[in-house]
Amino acid sequence: MKNFFRLLSLFSFTPFIVNSQTQLLPPVAKEIPKELVKHNHVRIDPYFWMNERDSKPVLDYITEENAYSKAFFDQKQNLVNTFLHEFDNRINPEETSAPFEIQGKTFQWRQIKDEDYRQLILIEGKKESIYFDENALAKGNDYYSLGDFSISPNNELVAFSQDKIGRRNYAISFRENKSGKILKEQIPGTDGSVLWANDNKTIFYVKKDPTTLREFQVYKHVLGTSSSKDELVFEEKDERFYVYITKTLDKKFILIHVVSSTSSETWMIDSDNPAQKASCFLKREKDHLYEINHHENGFYIVTNQNSPNRKLVFSKTIPASIESCEVLIAHKNDVYIEEVEVYKNFLTVQSRKMGRTEISVGSLRATGFSVISMPEEVYELNFSFNENYESKVVNYHYTSLTTPGSIYKYDVESKKSELFFQKTLIDKTFSPENYVSARIWATANDGQKIPISVVYKKGIDLKKAPLLLYGYGSYGVTIPAAFSATRLSLLDRGFVYAIAHIRGGKFLGENWYQTGKLNHKRNTFTDFINAAEWMALKGYCDPNSIYAQGGSAGGLLMGAVTNMAPYLFKGVIAQVPFVDVMSTMLDESIPLTVGEYEEWGNPNEEDAYWYMLSYSPYDHVRKMDYPAMLITTGYHDSQVQYWEPLKWVAKLRKHNTGTDPILFDCTMSAGHGGGSGRSTERLEVAKEFAFICAIQGINE
């Protein structure tokens, strides 16, 4: 594809004008060459010093970068404010969640007008009371996240976890529900999850490694005792694995899940007997992943053994092996089983076929299934919260690129669905009928068909429309084709929005994931490039106005495709991007590194090293014209350390021969998910929209 012309307004170029007298030039980072040697190969990293967290040189440089970014957005403040105004006029300031039940009590999350955080409301008939007020809990903190809350079986106590930094390191606290008194005992350094045994005094929680932040230990705490005396219940020493805990729907077992990318095992503790030692359900085996549901009749097991897209098997007791279990739902090459829920009188299956999700409801013998699906071509279905083991309904969530999220209740006996709750916009001019969504299929370099979910406003001239193409493509994650109220501001300005469901996700099943990881990783990047090229070729956008966006591993995607096809994109938004692949994956002290070997490869092995080096974005920055770029991060990010995007920006600036702006925006009180609170979250979106609109020459 030819090199595209870029027609930008004056302020879209650097250096840009701060006022009539001065100009703010892009920061220039100092270089301190660091020699990095592996497999007799030498890399020189001039910005290695940026990983000195909290050092004055690092903080000073981030301050310079933030000032440069701020100057750009100050000039676009009217546009940013316009977006924020549109968001406020479209989204209910007192937006609520669907009511939900926990242990027979009804709750609802509610936003409060002019407040950043939510309240959890307890509804008892006509009486309502505030159960949690995140605004009060967040007071005095620049960042706040309520991780999890768990109510004791007798409803007298609640355990809840909080992160006040953004590093996903939660402290657990306890409250008496009747008096509202917060107990003095606290448990720091957890993953945020907390589960009660059935005795109303014992809780289980997960500890993180203080250096790598890997979830690796399960502890048991008894109320009224010091957390320093808590009993270690389980520890996982293999750094490829992490640990998390759940409780079965029938409340019979506490489950300890030990998981890597390729294998798993589950340990069980009787909820009625928390003093019991954990017992292993099935020992881990290479390339075997399984999940269990307990029913009073036995165990339902979702397994990938000899079944890449997974199958459902049953055993009355703990089985000796998967082979000894009864197959209830056999493996299918064209259907991927995403999740199974087992209730007292029926079971439900959420699956995906050619990208389309459906929910099936059948007997405990997996017979007589009725299928819940939607008439739209592009939509998402998934289970909605329902902790009632004896339920007679299935709660499910439905959304599409044109339809706000809705909760339905499916009556198992009548086989009918009823709308229970739907988010609505306060903008009365909004109608799904004003927008068009479609599923289109691009052709990859190797002939594979790449699914793309597309949405745009009805009546626009597609061939002249700018395109924002989103991608992720890692860990088997499927990006849902879900509604966004803020995105309407782009669609109403004539943008086409699309999600490229590239290899590395499981949109088309397990094989779609396997052919986008390890030594097939480059398929992820070429799929995204092919998707963009195909949309331009087929008239779904203006080929000179293609923008790309992705975050975290999707930020790696942004870095890779920008190096591989810089001519293709007019602008790129990379959020918390994982771009310094080699240095990060060679440093086992960095959070998550060892556990990532099964996704990217282990660079201590020479073949893996050379393959990973072939696409590592930071290592392939070179002298050429780069598109306009907005690169964002959070200083306390525990998943992708701040210095990866910081180094990347410095290196891009040095090598960029073009004139388009390259901006770095670091939120100092945020982690991997960005800043907390409604106003901060919306400001981040408004700035992203303002950035691409400014590059496109849209100033209102």
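Here are some exercises on this structure, which is a predicted model, each with a worked solution.

**Exercise 1. The helix and its covered face**

Work out which residues of helix α10 are buried, how they are arranged around the axis, and what they pack against.

*Solution.* Start by marking out α10, which covers residues 606-613. Now go through its residues with the burial cut-off in hand, under 20% relative accessible area. You should end up with Ala608, Tyr609, Met612 and Leu613. Next, look down the axis of α10: the buried residues fall within an arc of 125°, so they line one face of the helix. Last, check what that set touches: the buried residues of α10 pack against strands β3 (34-38) and β4, and also against α8 (581-585) and α9 (597-600).

**Exercise 2. A nonpolar patch**

Find which residues join Val42 in a nonpolar surface patch, and place Val42 and Ile44 in the fold.

*Solution.* Val42 shares the patch with Val37 and Ile44, and together they have about 260 Å² of accessible area. For the location, Ile44 sits in strand β4, residues 41-45, and Val42 belongs to β4 too. Now the accessibility: Ile44 comes out at 48%, so it is partly exposed, and Val42 at 42% is also partly exposed. To finish, look at what Val42 touches once you skip the neighbours within four places in sequence: Glu35, Leu36 and Val37.

**Exercise 3. A hairpin**

Describe how β20 pairs with β21, and say how many of the residues of β20 are buried.

*Solution.* Take β20 first: the strand runs over residues 290-295, and 5 of its 6 residues are buried, so call it mostly covered. Then count bridges to β21 (residues 298-303): there are 6, and the two strands run antiparallel. For a specific pair, take His295, whose bridge partner in β21 is Gly298. Finally, the connection: 2 residues lie between β20 and β21, which form a hairpin.

**Exercise 4. Salt bridges across the sequence**

Trace the salt bridges of Lys251 and Lys344, and say where their partners lie.

*Solution.* Begin with Lys251, which meets Glu387 at 3.1 Å, N to O. Lys251 lies in the loop between β16 (242-247) and β17 (253-259), and Glu387 in the loop between β28 (380-383) and β29 (393-399), so this pair ties together parts 136 residues apart in sequence. As for cover, Lys251 is partly exposed at 30%, while Glu387 is buried at 18%.

Move on to Lys344, whose side chain meets Glu390 at 3.8 Å, N to O. Here Lys344 is in the loop between β24 (336-342) and β25 (347-353), Glu390 is in the loop between β28 and β29, and the two are 46 residues apart. Lys344 is partly exposed at 29%, and Glu390 is partly exposed at 48%.

To round things off, the model's salt bridges come to 33. There's a network among them, linking Asp45, Asp580 and Lys647.

**Exercise 5. Odd phi angles**

Say what stands out about the phi of Gln103 and of Lys415, and where each residue lies.

*Solution.* First, the background: most residues other than glycine have a negative phi. Gln103 isn't a glycine, yet its phi is positive, about 50°. Gln103 is in the loop between β5 (100-102) and β6 (105-111), and at 27% relative accessible area Gln103 is partly exposed. Then take Lys415: its phi is also positive, near 60°, and Lys415 is in the loop between β30 (406-411) and β31 (416-422).

Notes. Residues are numbered from 1 along each chain as its sequence is written. This is a predicted model: local features need pLDDT of at least 70, side-chain atom pairs count only at pLDDT 80 or more; totals for chains, interfaces and linings use all residues. Side-chain values use heavy atoms; hydrogens and water are left out. Patches are made of residues with over 30% relative accessible area and no salt bridge: like charges are joined within 9 Å, nonpolar side chains (Val, Leu, Ile, Met, Phe, Trp, Tyr) within 5 Å. Accessible areas come from the Shrake-Rupley method with a 1.4 Å probe; for residues, only the protein chains shown count as cover. A salt bridge is a side-chain nitrogen of Lys or Arg within 4 Å of a carboxyl oxygen of Asp or Glu. Helices (H or I, at least four residues) and strands (E, at least two) are DSSP runs, numbered from the N terminus. Buried means under 20% relative accessible area, exposed over 50%, partly exposed in between (1.4 Å probe, protein chains only). The arc is that of the directions from the helix axis to the C-beta atoms. Contact means heavy atoms within 4.5 Å. Two strands pair if DSSP finds at least two bridges between them.
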